[in-house]
Amino acid sequence: FSDAGVERHGSQWLRSSKMSDWDERMDESEELASESLWQTTEIRNTKPNWSSFGTSNLITSGDVSLMQKFQRESHASQGNVFCEDSKGYTVAFMTILAKVNNKEATKYILTTLDELCKENREIGKLFKSMEALDPVEIVAALCLGRDDEILKARACQVIVQLYNAGVNSTADTTKKLMDYVRVELQREGKHKPFVYLSILSVLQGLLRNHERRVAFVEAKGVEMLISFMRDSKNHANTQLIYQCAACVWLLSYSNGVKEKLVNMEMVAVLVQVVRGTMKEKVIRMMLAIMVNLIDVGEMKSLLSVCGGLRILESMKARTWSDEDISNDLEQLTSAIGKNVEASSTFDQYCKELMSGELEWTPMHKSGTFWEKNVHKFLEKEQQVLKLLVALIKPGERTSTKVLSVALFDIGEFVRYHPAGKASV
């Protein structure tokens, strides 16, 4: 990891200090859950029986003394106490997490450590110098092996704090975390919303590293993020959309990865979110992604085809509190405008398809259109066909008219393409 999330790829630095500073970006995130769900004060006021853990030889007598001294201090003073004997407390905290199988003690340590790191970012960095214990591995084991929602969410948050401080993890731990994130995020309804957001935060931490971005893309992670952002059930959850976008934004800085983001599905989702949200931080993140990708592959054409230019032009008329938004809008509209040429009939079809509002325009029933363009539905990993089929999936809020047109088009595709039936 590089400090503050700042990386260099060729001659391009992350675009501005405001966008590139990982710590600042984490600070601007909304609270993932209310105090009543996190139970922060209640948990920090508990009194685990440290002596009994010492008697059982799970922790040393020195650890017991340190924890008893720590708990005698007010919450406001505990950070200073921790820093005054950082070597002792880092070892004590991690030893308790690794060896003490007691829910009250585990939740106390995770909650306290998360809060201390929020109050003082330097505390997380103290764990970088540990020798015998691997902090990320220890905390990751709690994510993977415990069912308690608060405990799991706090463990995720502590991992984020450790990554944010530059604490490294082994390849094996990284793989386990990556697999855990992908599996858990797709288990709809298993967790409370704030737990999903905490798991997404871990993914943001993982994606600060180029090799992990490559691994995530190879594991079909981009498709998962697109699915989250496209799902209408998630559109009211601003923080979920923002964190998914932050993951895409991190991916957009890696050569060999960003090229795979430039496809119809991704661009359609970016435009859909920008069009549907009023939240500036979400808009800023979406525009930042577009700026990073604007010169990659067919990005300009895709934005033009899906109606991005019209939407971005209309946004320029609004007043924004964040100058990054105004600057990005100017850059994007200029770049797309220079790329606009006379759209082909197939471009018009793609534009209609990506808007999600199919109409009974003449091309749908034109034999010439299908004979000339049917092969294009399977180009670029079947992007156009996938978008069309997605409109008829169960659970999609598709109008009767759109469903009728989509079904008709799928029928025409099957009729005109030799491998049409097998492809669908």
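Helices here are DSSP runs of H or I with at least four residues, strands are runs of E with at least two, and both are numbered from the N terminus. The model is predicted: local features need pLDDT of at least 70, side-chain atom pairs count only at pLDDT 80 or more, and totals for chains, interfaces and linings use all residues. Residue numbers start from 1 along each chain as its sequence is written, and side-chain values use heavy atoms, with hydrogens and water left out.

**Stop 1: the whole chain**

Show everything. The protein has 27 helices and 2 strands. Of its 424 residues, 53% count as buried. Buried means under 20% relative accessible area, exposed means over 50%, and partly exposed lies in between (1.4 Å probe, protein chains only). Now turn on the surface. About 19300 Å² is exposed, and carbon and sulfur atoms supply 48% of it. These areas come from the Shrake-Rupley method with a 1.4 Å probe.

Contact means heavy atoms within 4.5 Å. Take the contacts between residues at least 6 apart in sequence: 70% of them join residues at least 24 apart.

**Stop 2: helix α15**

Select residues 210–218, which form helix α15, and pick out Val 214. Val 214 counts as partly exposed because its relative accessibility is 27%. Next add Lys 258. The two residues are 44 apart in sequence, yet their C-alpha atoms are 9.8 Å apart.

**Stop 3: α7 against α9**

Select residues 75–84 (α7) and 103–119 (α9). Their axes come within 10 Å and cross at roughly 85 degrees. The axes are lines fitted to C-alpha atoms, for helices over the stretch in contact, with angles from 0 to 180 degrees between N-to-C directions. The pair is therefore roughly perpendicular. The cut-offs are under 35 degrees for roughly parallel, over 145 for roughly antiparallel, 65 to 115 for roughly perpendicular, and oblique for the rest.

Show side chains. From α7 come His 75, Gln 78, Gly 79 and Phe 82; they meet Tyr 108, Thr 112, Leu 116 and Glu 119 of α9. This contact holds 3 nonpolar, 4 polar and 1 charged residues. Ala, Val, Leu, Ile, Met, Phe, Trp, Tyr, Cys and Pro count as nonpolar, Asp, Glu, Lys and Arg as charged, and the others, Gly among them, as polar.

Stay on Thr 112 in α9. Is Thr 112 buried or exposed? At 0% relative accessibility, Thr 112 counts as buried. Beyond its neighbours within four places in sequence, Thr 112 is in contact with Arg 44, Phe 70, Gln 78 and Phe 93.

**Stop 4: the largest nonpolar core**

A nonpolar core is a set of buried Ala, Val, Leu, Ile, Met, Phe, Trp, Tyr and Cys residues joined through side-chain atoms within 4.5 Å. The largest one has 140 residues, and Leu 203, Met 286 and Tyr 349 have the most contacts inside it. Helix α17 (residues 238–251) gives the largest share of this core, 11 residues.

Zoom to Tyr 349. Apart from residues up to four places away in sequence, Tyr 349 touches Met 363, His 364, Phe 369, Trp 370, Phe 377, Val 384, Leu 388 and Asp 409.

Move to Asp 409, in helix α26 (residues 400–416). Asp 409 counts as buried, at 0% relative accessibility. With the same sequence neighbours left out, the partners of Asp 409 are Tyr 349, Leu 358, His 364, Trp 370 and Leu 388.

**Stop 5: two positive phi angles**

Select Gln 39, in the loop between α3 (35–38) and α4 (40–44). Its phi is positive, about 55 degrees, although Gln 39 is not a glycine. Gln 39 counts as partly exposed, at 25%.

Finish at Gln 382, in helix α25 (residues 379–390). Phi of Gln 382 is also positive, near 60 degrees. Its relative accessibility is 28%, so Gln 382 counts as partly exposed.
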